[in-house]
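Here is a walk through one protein model. Keep the sequence and the 3D view side by side as you read.

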Amino acid sequence: GVDKMESKVFDPSLMENRFRHEFKYLSTLGQLKTIQVRLTGLIPLDPHVGPDGIYNIRSLYFDDYEDRYLKENEAGVDPREKFRIRIYNHSDSRISLELKRKVREKTQKLSCPITKEQCEMLMRGEIPDIGKDAPPVLQKLCLLMRTRLLRPKVIVEYDRVPYIYPQGNVRITLDENIRSSSRVELFLEDQIPTRPILPAGQHILEVKYDEYLPDFIYRAVQLQGLHRTAFSKYYLCRRYHL
């Protein structure tokens, strides 16, 4: 049912609705820098990065009245899903609503743009008035806000160095300074009060790809002492604030 509808709406060439492998590793700054040195010149940076090779990502995560998404992440429930609104470099010029699903150990991301006005309503926990032709992701969020009392819960922010390799749709991302804020009403402000959620010096390396990870990239990200983690940034931020 839903999948058929989504495949009509989402252009498969956007490579967004396919299921992908996604692995996360806790790493030290030293480990991240080692991997960065190995990847530089090997595969390109995402063209969206600023002059310093980094972009800032800020996401506003939703959960329902039972904190279902939080509990499912903790329990490793499969399938599971979660909603977030995302902006880059504190700019409201491009605001995305994303639905992230995890099914059989693989992840799928569906997204649609939303307007600043819609975003401001959602930040307040209000349901925007949308028509039947609204994107399925937005329709589903509004439905769950009515039926499961889905509401914005926490902001997750970090600085990302993203490498991309088109064959296999590979993304290697180095996420530093992962921090959170419970001030959901400030989501679109330039500066917001945040606090770090990982022990000092800990960061996250993410490796994402479709069917296969090319050997030379696999070797570049191999390091002693990297610990794979099952927990999402959302989970870590919510645990911190509870």
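The tour runs from the nonpolar cores to two helices, then to some unusual backbone spots, and ends at a pocket.

Bear in mind that this is a predicted model. Start with the largest nonpolar core, which has 45 residues. Phe 83, Ile 85, Leu 97, Ile 114 and Phe 187 have the most contacts inside it. Which helix gives this core its largest share? Helix H5, residues 136-147, does so with six residues.

Now pick out Ile 114. Its contacts, beyond residues up to four places away in sequence, are Ile 85, Ile 95, Leu 97, Cys 119, Leu 122 and Leu 138. Apart from this core lies another, of 17 residues. Among its members are Leu 39, Leu 174, Leu 205 and Leu 213.

Two of the residues that Ile 114 touches, Cys 119 and Leu 122, lead on to helix H4. This helix spans residues 116-123. Its buried residues are Gln 118, Cys 119, Leu 122 and Met 123. How do they sit around the helix? Viewed down the axis of H4, they fall within an arc of 135 degrees, so they line one face. A general rule helps here. An α-helix has 3.6 residues a turn, so residues three or four places apart point the same way. The cover over the buried residues of H4 includes S2, S3, S4, H5 and S6.

Stay with Cys 119 for a moment. It lies in H4. Is Cys 119 buried or exposed? Its relative accessible area is 0%, and the cut-off for buried is under 20%, so Cys 119 counts as buried. Leaving aside neighbours within four places in sequence, Cys 119 is in contact with Ile 85, Ile 95, Ile 114, Phe 187 and Leu 188. Asp 92 is 27 residues from Cys 119 along the chain, and their C-alpha atoms are separated by 9.4 Å. Just after H4 comes Gly 125, with a positive phi of about 80 degrees.

Next, turn to helix H3, residues 68-75. Tyr 69, Leu 70, Glu 72 and Asn 73 are its buried residues. Down the axis of H3, these fall within an arc of 165 degrees, so they too line one face of their helix. H3 is followed by Gly 76, and the phi of Gly 76 is positive, near 70 degrees.

The loops on either side of H3 deserve a look. Asp 67 is in the loop between strand S2 (55-63) and H3. Its phi is near 55 degrees, a positive value in a residue other than glycine. Asp 67 is buried, because its relative accessible area is 16% and the limit is 20%. The loop between H3 and S3 holds Pro 79. What kind of peptide bond joins Asp 78 and Pro 79? The bond is cis, with omega about 5 degrees.

Another positive phi in a residue that is not a glycine belongs to Asn 177, at about 55 degrees. Asn 177 sits in strand S7, residues 170-181. At 40% relative accessibility, Asn 177 counts as partly exposed, because that value lies between 20% and 50%.

Now move to strand S1, where Phe 23 has its place. Phe 23 touches Leu 205, Glu 206, Val 207, Tyr 209 and Arg 228, not counting residues up to four places away in sequence. Phe 23 and Cys 237 are 214 residues apart in sequence, yet 18 Å apart in space, C-alpha to C-alpha.

Helix H2, residues 29-39, holds Gln 31. Gln 31 counts as buried, at 14% relative accessibility. Setting aside residues up to four places away in sequence, Gln 31 touches Leu 26, Leu 223, Gln 224, Gly 225 and Leu 226.

The last stop is the second largest pocket. Its volume is about 420 Å³. How many residues line this pocket? There are 29, and Lys 24, Arg 80, Lys 82, Lys 102 and Ala 230 lie nearest its centre. Elements that give two or more residues to the lining include S1, H3, S3, S4 and H7. S3 provides the largest share, five residues. By class, the lining has 17 charged, seven nonpolar and five polar residues.

How values were computed:
Residues numbered from 1 in each chain as written. Predicted model: local features only at pLDDT ≥ 70, side-chain atom pairs only at ≥ 80, totals over all residues. Heavy atoms only, no water. 1 Å grid on protein atoms, 1.4 Å probe; cavity = no way out; pocket = protein on both sides within 12 Å on 5 of 7 lines; lining within 4 Å. Points joined across faces, edges and corners; volume = space filled by probe spheres on them. Helix = DSSP H or I, 4+ residues; strand = E, 2+ residues; numbered from the N terminus. Nonpolar A, V, L, I, M, F, W, Y, C, P; charged D, E, K, R; others polar. Buried < 20%, exposed > 50% of the residue type's maximum accessible area, 1.4 Å probe, protein only. Contact = heavy atoms within 4.5 Å. Arc of directions from axis to C-beta. Core = buried A, V, L, I, M, F, W, Y, C linked by side-chain atoms within 4.5 Å.
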